[in-house]
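Q: Please take a close look at one part of this model, the place where a charged pair is found, and then place it in the rest of the chain. I am a first-year student, so explain each term as you go.

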Amino acid sequence: LKVLCEQNDITLILQTIPSVPVRNKVAMNQYIKSLGLRYIDVNAAVGAGDTGNWWGTGTEYDYLSSDGVHPSVYGARAIAAQFLVDMPEIMQYV
């Protein structure tokens with residue numbers, strides 16, 4: 001994908017994937033960060049640690065939904081905000 005984007009003058013912007021209690025994504029995120037490409041840091045947006053505990057774990061403001069995999073409304077808002085921080089030019093398409 002990276003080569004294809006380079007050949008076609010396309011800016012590739014990656015995204016980190018937050019760990020959840022049943023899936024650890026630490027190695028994948030380290031790899032994404034090591035590539036030297038731009039990325040949206042979704043992992044940081046939801047506060048996912050190595051164990052997959054997101055901001056607000058166990059509270060009514062939990063960023064992780066009750067299915068233990070997807071973001072809640074709070075997590076989705078944090079992810080959307082992170083897109084604006086890491087890729088502000090997206091606003092030109094609104």
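A: Glutamate 89 counts as partly exposed, at 30% relative accessibility, where buried means under 20% relative accessible area, exposed means over 50%, and partly exposed is in between, with a 1.4 Å probe and protein chains only. This is a predicted model, in which local features need pLDDT of at least 70 and side-chain atom pairs count only at pLDDT 80 or more, while totals for chains, interfaces and linings use all residues. Residues are numbered from 1 along each chain as its sequence is written, and side-chain values use heavy atoms, with hydrogens and water left out.

The structure holds 1 salt bridge, a term for a side-chain nitrogen of Lys or Arg within 4 Å of a carboxyl oxygen of Asp or Glu. Its partners are glutamate 89 and arginine 38, whose closest N and O atoms are 2.7 Å apart. Because glutamate 89 lies in the segment after α4 and arginine 38 in strand β2 (residues 38–40), the pair ties together parts that are 51 residues apart in sequence. Arginine 38, like its partner, counts as partly exposed, in its case at 35% relative accessibility.

The segment after α4 is also the place of tyrosine 93, which counts as exposed at 67% relative accessibility. Tyrosine 93 joins Leu84, Ile90, Met91 and Val94 in a nonpolar patch on the surface, with about 560 Å² of accessible area together. Such patches are made of residues with over 30% relative accessible area and no salt bridge, like charges being joined within 9 Å and nonpolar side chains (Val, Leu, Ile, Met, Phe, Trp, Tyr) within 5 Å; accessible areas come from the Shrake-Rupley method with a 1.4 Å probe, and for residues only the protein chains shown count as cover.

How does this part fit into the whole chain? The chain has 4 helices and 2 strands, which are DSSP runs numbered from the N terminus, helices being H or I with at least four residues and strands being E with at least two. Read along the sequence, these elements follow the pattern α-β-α-β-α-α. Residues 24 or more positions apart account for 52% of the contacts with a separation of 6 or more, a contact meaning heavy atoms within 4.5 Å.

Helix α4 has a part in another pairing, for the structure also holds 1 aromatic pair. Tyrosine 61 and tyrosine 74 form this pair, which is edge-to-face, with 5.4 Å centre to centre and 70 degrees between the planes. Tyrosine 61 lies in the loop between α3 (42–46) and α4 (73–86) and tyrosine 74 in helix α4, so the pair ties together parts that are 13 residues apart in sequence. Rings of Phe, Tyr and Trp (its six-membered ring) pair if their centres lie within 6.5 Å, and planes under 30 degrees apart count as stacked, over 60 as edge-to-face and the rest as tilted.

Threonine 16, in the loop between β1 (13–15) and α2 (26–34), is buried, with a relative accessible area of 0%. Among the residues that threonine 16 touches, not counting those up to four places away in sequence, are Tyr39 and Ile40. The side chain of threonine 16 also makes a polar contact with the side chain of aspartate 41 (3.0 Å), a polar contact being a pair of N or O atoms within 3.5 Å; within protein, one must be able to donate a hydrogen and the other to accept it, and residues adjacent in sequence count only if both atoms are side-chain atoms.
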